[in-house]
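Hi,

Here is the structure I promised to pass on. Have a look at it first, and my notes follow underneath.

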Amino acid sequence: MSSNQIQQQDSEHCFHPFSNYHQLNRDGSRVIERGEGIFVYDAHGQKILDAMAGLWCVNLGYSADALIEAATAQMKQLPYYNLFFQSTHAPAAKLAQKLSEITPEHLNHVFFTGSGSECNDTVIRTVRHYWSCLGKPSKQVIISRENAYHGSTMAGASLGGMKPMHAQGGLPIPGVVHIPQPYYFGEGQGQDPQQFGLERARLLEQKILELGEDKVAAFIAEPVQGAGGVIIPPESYWPEIQRICDKYEILLVADEVICGFGRTGQWFASQTYNIKPDLMCLAKGITSGYVPLGAVMMSDRVAQVLRDYDDEFTHGFTYSGHPVACAVALATIEQMQQTQLIDYVHDELAPYLAEGWQQLSEHPLVGEARIKGMMGALELVADKTTLQRYDKKLAAGTLCRNICVNNGLIMRAVGDTMIIAPPLIMSKAEVDQLITLAKKCLDQTYTELQHQIG
Ligand code: PXG
């Protein structure tokens, strides 16, 4: 089938996620044909360096044969069975054990889902059930943050703090409230960053006091906000959040759907930030994106309460613990362990990427270059000293994204913030290639913007 035919069928029949359908039908979609290493190839044969690892997930790149072999073998042995009605199977049991081993010490129990969004639906149901089991059914409210991303189901989008998502479908659902985010570049300029971090954390305390401790079930957050624009909190932020959750008996939920599996330079960002979440959401990198899988890790304390409840927890999905997905996750973790990937990322790759990334901060278009592990952001500005943005009408971020892809580089734009989260298996030479391409694209974007301003 030609790429034109694919585009035609696609445009006639296929609704795309988060898309303006009017615009999509006018411009047509890019047909991605194959992947190899850290590159994807489109139907015209253009080679594109995928600095977003798909959607923050293809951590092992596009050529991880061990994952494909694990999926094939499992498909032949048992392509599907479920964990309902007192059944189990080896891939689910083995993966549950493996996740207990690699996640922080106190997290030894798992509820499997099909995606990150389903993890967060599971979180809402679990924390409310937990408090109800403990005889505190009034503890229902979950506090989240503005500009957070926790998925696109009713619960996920409600926990998320994206206003355009709330506007479609009457969200958030009741019992979810949001506090401001620790976004220093966007909202803290002029203040001391550590003081700003503390102040933003203390808004959680303020919100708990305002609602009443007896009403609040949990606080949920991404250790580093991903889709919101790679927002790296000041170092003062997380210790204060942990202190507040402990003081008021609020469950802490770390949404590590993006941050987990090495993205911040350790297995989990909860280790990077030294926090002790009661629940931890995992997806994406758990299978390197090869097949869908999500997992909610639970602490011993939470698990014990659910276990002591002598009736059903009425929750679960057809694909909770899908054997093929679990087999691929096991192969992913084994490959990461065998190749000592986390050590490579932590000791060599991330510091090397950080060096290159920091050089981009000298570019006239860049107001800030920040990076944590293998996730980075560039703030595009019209004026490097005042940090003033370009006029929104110029859509500088979208312009830069389009220039990137035309030059063979996938960088994502969140407004005028350019972000990357490349595969963890890249070589240093590929990091050089990424930085060279990024610089070239910034140059072209700058020239184009200057031209438009006149
Ligand atoms: N939590 C976090 C922190 C996420 O980043 C989800 C939950 C939901 O996962 P599922 O598997 O239901 O999509 C996510 C997903 C983007 C982008 O454009 C980010 C995500 C998904 C799609 C696009 O940055 N993150």
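I'll start with one pair: E235 and K372 form a salt bridge, with their closest N and O atoms 3.5 Å apart. By salt bridge I mean a side-chain nitrogen of Lys or Arg within 4 Å of a carboxyl oxygen of Asp or Glu. The rule finds one salt bridge across the interface of domain 1 and domain 2.

Before you read on, a word on the source: this is a predicted model, in which local features need pLDDT of at least 70 and side-chain atom pairs count only at pLDDT 80 or more, while totals for chains, interfaces and linings use all residues. Residues are numbered from 1 along each chain as its sequence is written, and side-chain values use heavy atoms, with hydrogens and water left out.

**The two domains**

The domain assignment gives domain 1 as 31–63 + 341–453 and domain 2 as 66–338; such bounds come from an automatic or database domain assignment. Their C-alpha centres lie 27 Å apart. The contact (heavy atoms within 4.5 Å) takes 36 residues from domain 1 and 34 from domain 2. Between them the two domains bury about 2700 Å², with 63% of that on carbon and sulfur atoms. Buried area here is the accessible area (1.4 Å probe) that two parts lose on being put together, summed over both.

There are also 16 residue pairs in polar contact between domain 1 and domain 2, both residues being at pLDDT 80 or more. A polar contact is a pair of N or O atoms within 3.5 Å; within protein, one must be able to donate a hydrogen and the other to accept it, and residues adjacent in sequence count only if both atoms are side-chain atoms.

Which elements supply the side of domain 1 that touches domain 2? At least two residues each come from α3 (53–56), α15 (341–359), β11 (366–372), β12 (375–380), β14 (412–414) and β15 (417–420). Of these, β11 gives the most, with five residues. Helices (H or I, at least four residues) and strands (E, at least two) are DSSP runs, numbered from the N terminus. That side of domain 1 divides into 22 nonpolar, eight polar and six charged residues. For that split, Ala, Val, Leu, Ile, Met, Phe, Trp, Tyr, Cys and Pro count as nonpolar, Asp, Glu, Lys and Arg as charged, and the others, Gly among them, as polar.

**Other salt bridges**

A search of the whole structure finds 19 salt bridges. Side chains of opposite charge can pair when their charged atoms come close. For the burial words below, buried means under 20% relative accessible area, exposed over 50%, and partly exposed in between (1.4 Å probe, protein chains only).

- R301 pairs with D278, the closest N and O atoms being 2.8 Å apart. R301 is in helix α13 (residues 300–308) and D278 in the loop between α12 (269–272) and β9 (279–282), 23 residues apart. R301 is partly exposed at 44%, whereas D278 is buried at 8%.
- K428 and E348 meet at 3.6 Å, N to O. K428 lies in helix α17 (residues 428–453) and E348 in helix α15, so the pair ties together parts that are 80 residues apart in sequence. K428 is partly exposed at 34%, and E348 is partly exposed at 39%.
- R389 pairs with E379, with 2.7 Å between the closest N and O atoms. R389 sits in the loop between β12 and α16 (396–406), and E379 in strand β12, ten residues apart. R389 is partly exposed at 30%, but E379 is buried at 0%.
- R202, E205, E240, R243 and K247 are joined into one network by salt bridges that share partners.

**Backbone oddities**

Most residues other than glycine have a negative phi, and most peptide bonds are trans. The peptide bond from L171 to P172 is cis, with omega near 0°, and P172 lies in the loop between α8 (163–167) and β6 (176–179).

Are F85 and V230 buried or exposed? F85 has a positive phi, near 45°, in the loop between α4 (65–77) and α5 (90–102), and F85 is exposed at 74%. V230 also has a phi near 45°, in the loop between β7 (216–221) and α11 (237–248), but V230 is buried at 0%.

Cheers
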